[in-house]
Amino acid sequence: MKENYSVDDFEYFSSLIPAGQDWFSPKEAGNIIGRSDQFVRDCFNTGKIMGHTSNGIAKKGEEKKTYLRVHRDALVIYLLNSANYTTESFMEAIESIISRCSDYQLIRLEKIIRDKLYSKKSRYLR
């Protein structure tokens, strides 16, 4: 298990998970990490993905089905542990790619970045 995560690492991987939702079904969690719901269940059973199971309000011994839910932080931890890169190495790779771009490509990237930054600012102003 990796240790010593930076705040940037946690924020980066957290940004990969849809905002406004804290709990995810195995299918939703699988879609986020690019795997099947069965993969998520298997990882839950082996402890690679942390989560919770519940069976609703059934009386003890009369449970028919349990429900698995994975918290967004558990998905972030899974992504942190399974990544073979750091946010710093990711940024270095992007910088290397950008340094080889043509002027036309840089202008297009500048527009994308500007649009992303301004839309992000407006989200914080609400």
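Lys and Arg count as positive and Asp and Glu as negative, while His and the chain ends are not counted. The exercises below concern a predicted model.

**Exercise 1. Which residues gather in a patch of negative charge on the surface, and which element gives the most to the negative patch?**

Solution. Begin with the members: D8, E11, E88, E92 and E95 gather on the surface as a patch of negative charge. Next, turn to the elements, where α1 (7–14) and α5 (87–98) are those that give two or more residues to the patch. Finally, weigh the contributions: α5 gives the most, with three residues, and E95 is a residue that lies in this helix.

**Exercise 2. Which residues of the largest nonpolar core touch the most other members, and from which element does the largest share of this core come?**

Solution. The largest nonpolar core has 17 residues, and those touching the most other members are F13, I33, V40, I49, V70, L75 and Y78. Among the elements, α2 (26–33), α3 (37–46) and α4 (72–82) are those that give two or more residues to this core. The largest share comes from α4, which supplies six residues. As background, nonpolar side chains tend to be buried together in soluble globular proteins.

**Exercise 3. How many salt bridges does a search of the whole structure find, and how far apart are the closest N and O atoms of R41 and D37?**

Solution. The search of the whole structure finds three salt bridges. For the pair R41 and D37, the closest N and O atoms are 3.7 Å apart, and a salt bridge requires a side-chain nitrogen of Lys or Arg within 4 Å of a carboxyl oxygen of Asp or Glu, so the pair qualifies. Both residues belong to helix α3, and because they are four residues apart there, about one helical turn separates them. As for accessibility, R41 counts as partly exposed because its relative accessibility is 33%, and D37 is likewise partly exposed, at 32%.

**Exercise 4. Where do R114 and E110 lie, and are D115 and K111 buried or partly exposed?**

Solution. R114 and E110 both lie in helix α6 (residues 103–125), four residues and about one turn of the helix apart, and they form a salt bridge whose closest N and O atoms are 3.6 Å apart. R114 is partly exposed, with a relative accessible area of 36%, and E110 is partly exposed at 45%. D115 and K111 also lie in helix α6, four residues apart, and their side chains meet in a salt bridge at 2.6 Å, N to O. D115 is partly exposed, with a relative accessible area of 40%, and K111 is partly exposed at 47%.

Note on methods: Residues are numbered from 1 along each chain as its sequence is written. This is a predicted model: local features need pLDDT of at least 70, side-chain atom pairs count only at pLDDT 80 or more; totals for chains, interfaces and linings use all residues. Side-chain values use heavy atoms; hydrogens and water are left out. Patches are made of residues with over 30% relative accessible area and no salt bridge: like charges are joined within 9 Å, nonpolar side chains (Val, Leu, Ile, Met, Phe, Trp, Tyr) within 5 Å. Accessible areas come from the Shrake-Rupley method with a 1.4 Å probe; for residues, only the protein chains shown count as cover. The place of a charge is taken as NZ of Lys, CZ of Arg, CG of Asp or CD of Glu. A nonpolar core is a set of buried Ala, Val, Leu, Ile, Met, Phe, Trp, Tyr and Cys residues joined through side-chain atoms within 4.5 Å. Buried means under 20% relative accessible area, exposed over 50%, partly exposed in between (1.4 Å probe, protein chains only).
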